[in-house]
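Open the structure in your viewer and keep the selection panel at hand. The tour below goes from one stop to the next, saying what to select and what is there.

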Amino acid sequence: MSQTETARLAPIEMIGVQTRLNHEEEQTILRVLREAKTLATGPEGDAFEKEFAAFLGAGDAAVLSSCSGALELAAIMTGLKPGDEVIVPAHTFVATAVPFARTGARIRWADIDPDTRVMSPASVQQLVNERTKVMVPVHLYGLPCDMDALLKIAEPRGIQIVEDCAQAPGGRYKGRRVGSIGHFGCFSFHTHKNMSTLGEGGMLAVRDPQHAVLARRLRWMGNWPFEGTRDRYWVPAMGNLVPPMPGQWPLNYCLSEPQSAVGRLLLKRIDRINAQRREQAARFQAHFADYPEMVFQKVPDQCEHVYHLMSARYDGQAYGKTRNDVIAYCYEKYRLKLIVQYWPLNRSDLFRSFGFDEAHVPETDRFFDNMISFPWWSEMGDALVDDMAQRTIRGLDAMRAGG
Ligand SMILES: Cc1ncc(COP(=O)(O)O)c(C=O)c1O
């Protein structure tokens with residue numbers, strides 16, 4: 001392809017909005033702005049929580065301003081303290097681990113399974129000991145972890161499970177929604193996610209009703225209504241201030257009403273959004289049937305993938321090529337911007353600076369060093385999906401030909 005032809009190609013690159021709002025969702029924002037008695041947490045937030053818990057089919061839920069906030073509250077409620085250990089996959093987004101590191105507990109990095117690329121139960125088995133108090137399976141890229149295998153390790157030892165479902169809202173494991181299986185389920189409605197509440201947002205799902213109470217106290221600076229009726233509503237003050245948990249200061253992780261209103265509507269169509277993403281994934285991957293050097297995530301029968309992202313490992317050893325060669329070629333010749341994601345946390349300056357660099361995670365390293373992540377969002381459309389596959393395949397052909 002000549003330079004002029006390359007210059008004429010429209011670039012294909014990731015965009016920061018995964019799912020666009022529809023007309024009803026846009027109108028709802030306006031209605032809430034015009035009619036609501038509060039724009040902070042109120043009836044829309046309360047309804048969103050109830051509907052989310054019903055969607056999960058278990059427990060209760062607290063609406064929050066981010067999944068990082070949900071993970072933070074979960075980390076606090078697990079009661080982790082210095083001397084305890086928590087098992088977290090090294091291959092995940094930074095927010096999975098930071099709240100647990102902040103408790104003072106020691107992070108033990110688990111490896112990923114080479115085929116599914118989510119936390120490997122075999123690796124977890126090697127890390128557990130009497131100090132292990134918590135494990136944090138991450139349903140990365142939208143694929144549920146092998147929860148039965150993890151429960152089998154956790155339950156007899158009383159280890160609490162915090163599911164990081166940021167990338168997998170609506171995903172199912174053996175028919176159960178992710179986030180309803182462990183003690184806590186943390187969801188993100190950030191702009192990059194399958195459903196987003198105007199750019200930021202999150203939900204903490206809990207199984208124990210007491211955790212729902214604590215979460216609501218922790219999330220709004222300990223503000224809490226007085227119990228019972230009072231003769232004079234203003235005495236001693238309009239609202240009570242309660243300690244959320246012994247030894248814990250409260251935080252502010254509230255979500256606004258327009259955001260919750262949008263979340264309620266997106267929740268009604270998240271299964272359709274995910275089904276469409278699965279179709280999009282199947283269409284894209286079908287193009288690579290004759291290219292075994294592109295290895296996509298394996299989806300076990302018991303898991304329903306929601307394809308938050310589309311990633312693959314490039315095994316180009318037979319051609320003496322690396323994924324960096326593929327990315328460079330596709331970008332320079334075909335203006336396709338492929339990226340590399342999830343710096344293994346134990347190798348990052350951040351975690352190293354806190355002394356969390358000890359890890360034996362060979363599959364995490366192998367995947368990170370060979371992975372490619374594609375531009376990916378809801379409703380890309382068949383033409384763009386096919387175009388992206390064709391540009392990639394031309395890159396793979398060039399690698400085979402020594403280009
Ligand atoms: C796996 C994972 N966990 C946690 C988070 C944090 O989500 P939020 O941006 O809502 O705080 C993200 C967001 O990218 C994520 O991908």
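**Stop 1: helix 4 and the pocket**

Helix 4 gives the most to the lining of the largest pocket, with three residues. To find this helix, select residues 67–77. Bear in mind throughout that the model is predicted.

Now widen the selection to the pocket as a whole. Its lining is made of 30 residues. Select F93, H190, H192, K193 and Y342, which lie nearest the centre of the largest pocket. The space in this pocket comes to about 500 Å³. Colour the lining by class and you should find 13 nonpolar, 14 polar and three charged residues.

**Stop 2: the ligand**

What takes up the space of the largest pocket? Show the ligand: the space it takes is the largest pocket.

Next, select the shell of 16 residues around the ligand. Those that come nearest are C67, S68, D164, S188 and K193. K193 has thus come up before, among the residues nearest the centre of the largest pocket. By class, the shell around the ligand holds six nonpolar, eight polar and two charged residues. Helix 4 returns here too: with three residues, it gives the most to the shell around the ligand.

**Stop 3: contacts with ligand oxygen atoms**

Zoom in on the ligand and pick three residues in turn.

- S188: a polar side-chain atom lies 2.7 Å from an oxygen atom of the ligand.
- Q167: here too a polar side-chain atom is involved, 2.9 Å from an oxygen atom of the ligand.
- C67: the atom to pick is a backbone N or O, which lies 2.9 Å from an oxygen atom of the ligand.

How much of the ligand's accessible area does the protein cover? On its own the ligand has 390 Å² of accessible area, and the protein covers 92% of that.

**Stop 4: the cavity**

Leave the ligand and turn to enclosed space. The structure holds one cavity of 30 Å³ or more. The volume of the largest cavity is about 40 Å³.

Which residues line the largest cavity? Select I112, D113, P114, R117, R313, E363, R366 and F367 to show its lining. Then highlight residues 362–370, which form helix 12. This helix supplies the largest share of the cavity lining, three residues.

Finally, colour the cavity lining by class: three residues are nonpolar, none is polar and five are charged. For contrast, go back to the lining of the largest pocket, with its 13 nonpolar, 14 polar and three charged residues.

Conventions:
Residues numbered from 1 in each chain as written. Predicted model: local features only at pLDDT ≥ 70, side-chain atom pairs only at ≥ 80, totals over all residues. Heavy atoms only, no water. Near = heavy atom within 4 Å. Polar contact = N/O pair within 3.5 Å; in protein donor to acceptor, adjacent residues only side chain to side chain. Areas by Shrake-Rupley, 256 points an atom, 1.4 Å probe, with all protein chains shown as cover. 1 Å grid on protein atoms, 1.4 Å probe; cavity = no way out; pocket = protein on both sides within 12 Å on 5 of 7 lines; lining within 4 Å. Sits in = over half its atoms within 2 Å of the grid points. Helix = DSSP H or I, 4+ residues; strand = E, 2+ residues; numbered from the N terminus. Nonpolar A, V, L, I, M, F, W, Y, C, P; charged D, E, K, R; others polar. Points joined across faces, edges and corners; volume = space filled by probe spheres on them.
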